[in-house]
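This report goes through strand pairing, burial, the cysteines and one pocket in turn. Please keep the sequence and the structure open while reading.

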Amino acid sequence: MELITAKADLVLPAQNLTVRASLKPSSTKNRGAVAGMLRTTSQELMGVLNSFESRLERLRLWKVKFRRYAKVKYGQALFVCGDCESLGWDTPSKAVRMKHSGDNLWEAVVDHVPEGAKYRYLIQNHEGQDSSEVDWVTSYPLQLSSCMQDCNLEGGMLVQDNTMQTVRFIVFRKGVEAMRVVGSIPVLGSWETEKALWLNQTHGCCWERVVQVRSDQLGDFEYKLVSEPGHVVESGANRVSDAHLVEPQRELDAARGAGGRAGGEPGMRVGGAAVALPHLPPARPS
């Protein structure tokens, strides 16, 4: 009990809660004042509890295996870096070097990673000494969460699997019977039109589909739209994915759309063009 109390003292600084003089509820005015003070005090207490819960959660430490596909050049390696001591305090020179396991797969086991830690993958010199040539794999941080479906507990170790990325394709197109996406990666048919990805019409002129894309293909695959009838492939240059630059949104029920609004209305629109939006996996059912 003393140990728990000591830890609580470390994570929860003293709060200056004002003790108010009691009022006798002898009138409607006094009763209203008392009710108002009780609401305020309740809100203050909830704020304290939320702060304590958040900081206490950070005391939960995991042994984590990080996994991700990445393409690197000769003499380089993939690293993982985050906002805690075990991940180098977001400093590339202190990042954890990952081990190549073949087929662009990189893995690293790190001890004492707190729940909720934010981290990123980066490519740099395999010795991790030249911070001037750092290539961050994504422009946004990921977050360690044991309740997400991309985390699995295996033998007491948390496996953070970032090898696949959920991506939602959204197209706004009128006057067509169907829409497909053909592209340079297998899930898009590898440029074979007959194997292109069919999109679902969610409402009106909105067509969309959620797929899984390998993390080493996330930032450089190319694609085009194909409209039906007639297998009409759009003209112009190929579209190039920038999904690695867009922070993932939480993946919600498909019936509620990307923004979680009833009727399937997407949460993000980009003119009438197609856009590939990365999404976080849904939380694991409790």
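In which sense do strand E12 and E16 pair, and over how many bridges? Strand E12 (residues 178–183) and E16 pair in the antiparallel sense, over 6 bridges. Strands here are DSSP runs of E with at least two residues, numbered from the N terminus, and two strands pair if DSSP finds at least two bridges between them.

The model is predicted, and local features need pLDDT of at least 70, side-chain atom pairs count only at pLDDT 80 or more, and totals for chains, interfaces and linings use all residues. Residues are numbered from 1 along each chain as its sequence is written, and side-chain values use heavy atoms, with hydrogens and water left out.

**Strand E16 and its partners**

Strand E16 covers residues 222–228, and 6 of its 7 residues are buried, so E16 is largely enclosed by the rest of the structure. Buried means under 20% relative accessible area, exposed means over 50%, and partly exposed lies in between (1.4 Å probe, protein chains only). Besides E12, strand E16 pairs with E18 and with E17. The hairpin of E16 and E17 has 3 residues between the strands, and glycine 230 takes a positive phi near 100° there. The table gives bridge counts and one residue pair for each partner of E16.

| Partner of E16 | Residues | Bridges | Sense | One residue pair |
|---|---|---|---|---|
| E12 | 178–183 | 6 bridges | antiparallel | valine 181 with leucine 225 |
| E17 | 232–233 | 2 bridges | antiparallel | serine 227 with valine 232 |
| E18 | 239–240 | 2 bridges | antiparallel | tyrosine 223 with arginine 239 |

**The open sheet**

An open sheet of 5 strands has mixed pairing and the order E4-E5-E1-E10-E9. Strand E4 (99–100) and strand E9 (151–154) stand at the edges with a single partner strand each, so one side of each has no neighbour in the sheet. E4 is joined to strand E5 (residues 105–114) by 2 bridges, and the two run antiparallel. Within this pairing, lysine 99 has glutamate 107 of E5 as its bridge partner.

**The nonpolar core**

A nonpolar core is a set of buried Ala, Val, Leu, Ile, Met, Phe, Trp, Tyr and Cys residues joined through side-chain atoms within 4.5 Å. The largest such core has 46 residues, and Phe66, Leu87, Tyr121 and Phe169 have the most contacts inside it. Elements giving two or more residues to this core include E1, E5, E12 and E16. Strand E2 gives the most to this core, with 5 residues.

**Cysteines**

With a disulfide taken as a pair of cysteine sulfur atoms within 2.5 Å, the count comes to 0 disulfides. For cysteine 84, the nearest cysteine sulfur is that of cysteine 81, 9.0 Å away. Cysteine 84 is buried, with a relative accessible area of 5%. For cysteine 206, the nearest cysteine sulfur belongs to cysteine 205, 7.0 Å away. Cysteine 206 is also buried, at 0% relative accessibility.

**The second largest pocket**

The second largest pocket has a volume of about 360 Å³. Of the 18 residues that line this pocket, Lys71, Ile123, Asp135, Val137 and Asp216 are the closest to its centre. A pocket is an open set of points on a 1 Å grid over the protein atoms alone, where a 1.4 Å probe fits, with protein on both sides within 12 Å along at least five of seven lines; lining residues have an atom within 4 Å of a point. The volume is the space filled by probe spheres set on the points. Strand E1 (61–69) and strand E7 (135–136) each supply at least two residues of the lining.

Conventions
Helices (H or I, at least four residues) and strands (E, at least two) are DSSP runs, numbered from the N terminus.
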